[in-house]
Structures are given as C-alpha cells and as structure tokens.
Amino acid sequence: MMKELNIAKNELQRKGFLDLPIDVRLDLFAEIERLKKEKNAIVLAHYYQEPDIQDVADYIGDSLGLSQQAAKTDADIIVFAGVHFMAETAKILSPQKKVLLPDLKAGCSLADSAPPELFRRFKEKHPDHLVISYINCSAGVKALSDIICTSSNAEKIIESVPKDQPIIFAPDRNLGAYLARKTGRDMLLWNGACMVHEIFSLEKITKLKIRHPKAKVIAHPECEAAVLAIADYIGSTTGLLKYTLKDDAQEYIVVTETGILHQMQKENPGKTFIPAPPNNACACNDCPHMKLNTLEKLYLCMEYEEPEITMNETLRIAAKKPIERMLEISARYGL
C-alpha cells in the first residue's frame, strides 16, 4: 500500500486527486465521521456538491456562509468540498489550519475568466476606481481588490460605498449588470462569466413555464439579463433556498446549478422543483468543476491529508484585507 500511496502522491499534481483503490466494503459515511473525530476536522460543502457529500458535511452553504464558517471554525483541518477558490479563501482566513480539497482540478470558469496579471493592467488604467470583486475569483484577483462580495451581500457592499466613488466590479459581468440595475450605480464591469449560469436557455425555460403555469421561476443573479427578466425571484443560492421555504407556491423552475435541488427537496418535501435546462442537449445544468469532487475523493483526502492548499504568505495577507472588509460590512448589516 505504501508503494501505491507514493505513486498516487507523485501523480497528485497531474491528476488532481489521490488515485487509490478503496475497499468496496467500507462504509464511507462512517469512515468520514471517524476521521472527523480523530483529526478534529470539519467538512464544509457548497450547495452545488453531489447529495452524498452534502449529507456528510458539517456545514452546507453558499460562498458567504462558507467564508464565515472557515473564519470561525476551531477545527484543525478544514476539508473544503467545493472548488479551488473556495478552499483558497479558507486558507486565506485560517492560515494556521490545514486546508484540504478533494480534487485540485475542481476549478471555476468564472475565476479563470480573470487572470490576475490582466486584471492588474485593467485596474491600472482606472486608478480612481475602487475595486469590488465577487468572491468567485483567484487569490491573485482578491489581492488586487478593495472589497470582496458574494451574491448574498453584494448589494449592501455596493451601497456602503459613497455614491460619487467610481467602482470596478469583477469578474462576473452578469452579476455586475444586475447589481448596477438594482443599485443605480454606474459600474465598470470586467468581462467574465460563469459557464453554468450563462448557458441557460430562455426558450426552454419559457416552454417549461407554459407546461407548468403555476411554477415560479427563481434564478441566480449570475444568469443573463434576459433570463433574469422572467424570474419571479432573483437571489443567491441561500436566498433561493430560503425563498422556497417561505413562499406559498408548490412548483419552482430553478435557474441555477442543480446541486441546490437536493436541499430544496429535503427542506420542502411536498413541493416540486424543476431544474432549468441549458442551451444544449442536457436536461439540467451541472457544474463540471463542482462535480469533480466525490465521496471517495473526500474520504481519501481526509485519510491521507492530501491534496493540501498552500499559499504564499505575502499574497495571503494582501488577499485577506478585502475579505475582512466584506465580513465586517456583512456583520454590520446582519448578513
């Protein structure tokens, strides 16, 4: 087994995860619970993870909630079932803790759409602008930002900035345009987007609405403006979940990544949730990066404490400042 482990560790950077055999007789749920206790580890999972991972997680949430949990946990090990920028954020906030990510290849199309060096040049052309960056970005872009935001707190973050202060909003142009409409602020937008939220089909959603006339359309603000225009409610992932709990409708067309449907169904067993289809042959819209994490990879990374997220300390300190500003503003508004 030691030989296999050494080979797997040597292949880690190329494959992204520990490629090791697992005894099929193992109860992975029980093993993960055992490892949590033995190693004082906490499993944080995003709503877009597969249902098995959500069910074994200590905390499930969106980017804001996960950041808050990462900042306050007393665990020695943070196992982040999400994508790379999320695990990076946990390391930025908790440098003394070991942060693990089940698959290093679990990236983010939106974060990748803003390479730090290109963003630096863009920022230098507009020196009078304050930079508000959506949390779905790399540590390099965070370090170039003044304040970080999430879809849960972005409106309040923008409103906390003086009206005469020019703003660059990065990296999501759709979320930025939505926020500009909501706040009345004329913001300079970086031209990035999320591959999942960009490919929802307005035509297919409209046809679904015809087939389900009583269904409400609920959408994430990373979607394009035409899709948001037909939504009954627009909100963050957590916002969408909370809306289904308090709203009286019995059917919902959900326009975001399908992972959230697991929690919606658990919290609302009597209601129907219909995933909005993308503009391709698929019936629903999954994030290929989020779905790289599996229960098996989660178990292996906890057992062998690899892959681990590490970071240059100068970069970490620079990236931490705008996240701390976000957490301070969020706390002020009770978010």
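How many disulfides does the structure hold?

1. **Disulfides.** The structure, a predicted model, holds zero disulfides. Two cysteines deserve a look. The sulfur of C194 is the nearest cysteine sulfur to that of C108, at 6.4 Å. The reverse also applies: for C194, the nearest is the sulfur of C108. A disulfide needs the two sulfur atoms within 2.5 Å, so this pair does not count as one.

2. **Setting of the two cysteines.** C108 is buried, at a relative accessible area of 12%. C194 is buried too, at 11%.

3. **R185, position and charge.** R185 sits in the loop that runs between helix 11 (173-183) and strand 8 (188-189). R185 is buried but makes no salt bridge. D164 is the nearest side chain of opposite charge, 6.4 Å away. A salt bridge requires a distance within 4 Å, so D164 does not qualify.

4. **R185, surroundings.** The R185 side chain does reach a backbone oxygen, that of I158, at 3.4 Å. I158 is also among the residues that R185 touches, beyond those up to four places away in sequence. The others are V161, P162, K163, Q165, I167 and A180.

5. **Main core.** The largest nonpolar core has 78 residues. I132, I253, V255 and M326 touch the most other members. Helix 6 (residues 84-93) contributes the most to this core, with six residues. Apart from this core lies another, of 24 residues, including I32, L35, A41 and I77.

6. **V255 in detail.** Leaving out residues up to four places away in sequence, V255 touches H197, F200, I205, V217, I218, A219, H220, C223, V227 and A276.

Definitions and conventions: Residues numbered from 1 in each chain as written. Predicted model: local features only at pLDDT ≥ 70, side-chain atom pairs only at ≥ 80, totals over all residues. Heavy atoms only, no water. Helix = DSSP H or I, 4+ residues; strand = E, 2+ residues; numbered from the N terminus. Buried < 20%, exposed > 50% of the residue type's maximum accessible area, 1.4 Å probe, protein only. Lys, Arg positive; Asp, Glu negative; His and termini not counted. Polar contact = N/O pair within 3.5 Å; in protein donor to acceptor, adjacent residues only side chain to side chain. Contact = heavy atoms within 4.5 Å. Core = buried A, V, L, I, M, F, W, Y, C linked by side-chain atoms within 4.5 Å.
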